[in-house]
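Visitor: I should like a close look at a single part of this protein, the open sheet and the strand pairing within it. Please then place that part in its wider setting.

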Amino acid sequence: VNVKDLHRTGYHFQPLKHWINDPNGPMYFNGIYHLFYQYNPKGAVWGNIVWAHSVSKDLINWERLEPAIFPSKSFDKYGCWSGSATILPGNKPVILYSGIIDKNNTQVQNYAVPANLSDPYLQEWIKPDDNPLIVADKSVNKTAFRDPTTAWLGKDGEWRITLGSRHKDKGISLLYKSKDFINWTRVKKPLHSVDGTGNWECPDFFPVSVQGTKELDTSVIEGNIKHVMKISLDATRYDYYTLGKYNTKKDKYIPDKGMVDGWNGLRYDRGNFYASKSFFDPAKNRRILWGWANESDYVHDDVKKGWAGVQLIPRTIVLDPNGKQLLLWPVEELETLRGKKVELTNKKLEKGEQVEINGVSAAQADVEVTFSFGSLDKAEPFHSSWDRYDAQKLCSHKGSTVHGGVGPFGLITLATEKLEEFTPVFFRIFKDQDKHVVLMCSDASRSSLADKKGTYRPSFAGFVDVDLTDKKLSLRSLIDHSVVESFGANGKVCITSRVYPTLATYNNAHLYAFNNGTEAVKIESLTAWSMNKPQVMNQ
Ligand code: DQQ
């Protein structure tokens, strides 16, 4: 396999070549899912940004189209940056995006509409002459002024959008209102802001149902709901969210009591996942989240392989019944790619034991496993000096080979037989006075022999707020050559790692389950599938 293909994914979304970043304007229109994304048509590094466009009937098999929006006018001459789609009454899609108008990165908000609503793929988009719709007024930082959201309708009949900004070091989501979607005015007070968080990119603001799994259109602003406010923090390149209430009278978002806002906040994913965007899918009454995973290799290597970035598998978003966090899970359509399957049940793993999962293509697989353990008595103490917000640090010195009490146990993905290379995804349970603390890790630190000093191979990790009364923990990992996307405890903690094995590739990759804790654990059930490649037309 040549250098260009060695780490290309089998079932994640990628263009044929070149650089991609943020998912843009995802929407469902007349039976078709649209995905636009930031794309450099000229190379494998960020630049020359256009909105590339693909369409699908099932979010898995895609057809590539020509870029939908690209620099061509004074209001977007230097780039067409991120934005969102809104379906207006009468089933009329409209896109709002940020245009770059000069070499100083001055940002304005523009709109684009389909040239021909009867084209099922909406291939051609028009940028009317009354653009730009929104320019920064004097009190706003015009180079931190971007990424408009999907619009929602207020009770006064006016549309609202929010977009990312900052004032000095305070992160802000500015709020704009419009009666006709053309004339927009800024609402004086922002929808939300947090001191010390720096620039906010790609905000997302939407309702989730408090009961049931039926999710809601963005314009539902009242009822038995909570609101989600997501921000992408430029300084750390992670997506953070809080749950709260949208006060429609004051046009303000107020996080629930006890929510941590900012650096220590909840995350969609504890790993390589950024600039995400959700949309409401009326066909299946669900909210779907797209997120982008950058390479964590050197830029030099990206250039050599001629591509950079993947879109992660779209995930459904629902509120955890505990009301304190979201649950994310790969869309069910992914299961149509499941091929050959192997199963393992009631397999006990003593301390130091490892079992190979044979019979599936370990470099391109979907694995679901439930572990159980007899008792929590042997859980290691959680030291009071450890930072309850820094799971990653804890994982970096409590790795998969460091023996414990209950755990570490889990999967070893993209491994060579002698573990010269491996990416373990695992749990470790601690005891903190009368409570248990569950750590989940996806540790890339030993994933590649090609590691040069200073490469980014983090021990990504999160604490899982899970009830252990049934003494069980479940894990699902989507393994795809250079991506490992993992979902702990039914989507309470998700972690995406990008890894670049040199030996554990294609047929030389192995998959194991392991236990390195004194307490024996049992694999209650494990199912692994080889994953097929989706169909992508217009290759
Ligand atoms: N990427 C876009 C911006 C956005 C950033 C530019 C986030 O609109 O703020 O490619 O990754």
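Guide: D480 stands opposite V483, a residue of strand β35. The pairing concerned joins β34 (residues 472-480) to β35 (residues 483-488) in the antiparallel sense, over 6 bridges. Strands are DSSP runs of E, at least two residues in length, numbered from the N terminus, and two of them pair if DSSP finds at least two bridges between them.

The model is predicted: local features require pLDDT of at least 70, side-chain atom pairs count only at pLDDT 80 or more, and totals for chains, interfaces and linings use all residues. Residue numbers start from 1 along each chain as its sequence is written.

Both strands belong to an open sheet of 6 strands with antiparallel pairing, in the order β26-β38-β28-β34-β35-β36. At its edges stand β26 (338-349) and β36 (493-498); each has a single partner strand, so one side of each is left without a neighbour in the sheet. From one strand to the next the twist averages 15°, with axes fitted as lines to C-alpha atoms and angles running from 0 to 180 degrees between N-to-C directions.

As to the wider setting, the protein is divided into domain 1 (18-332) and domain 2 (338-531), with bounds from an automatic or database domain assignment. Their centres, taken over C-alpha atoms, are separated by 32 Å. Each domain brings 22 residues to the contact, which is counted where C-beta atoms, placed from the backbone, lie within 7 Å. On the side of domain 1 that touches domain 2, strand β25 (residues 326-330) gives the most, with 4 residues.

Definitions and conventions: Two residues are in contact if their C-beta atoms, placed from the backbone, lie within 7 Å.
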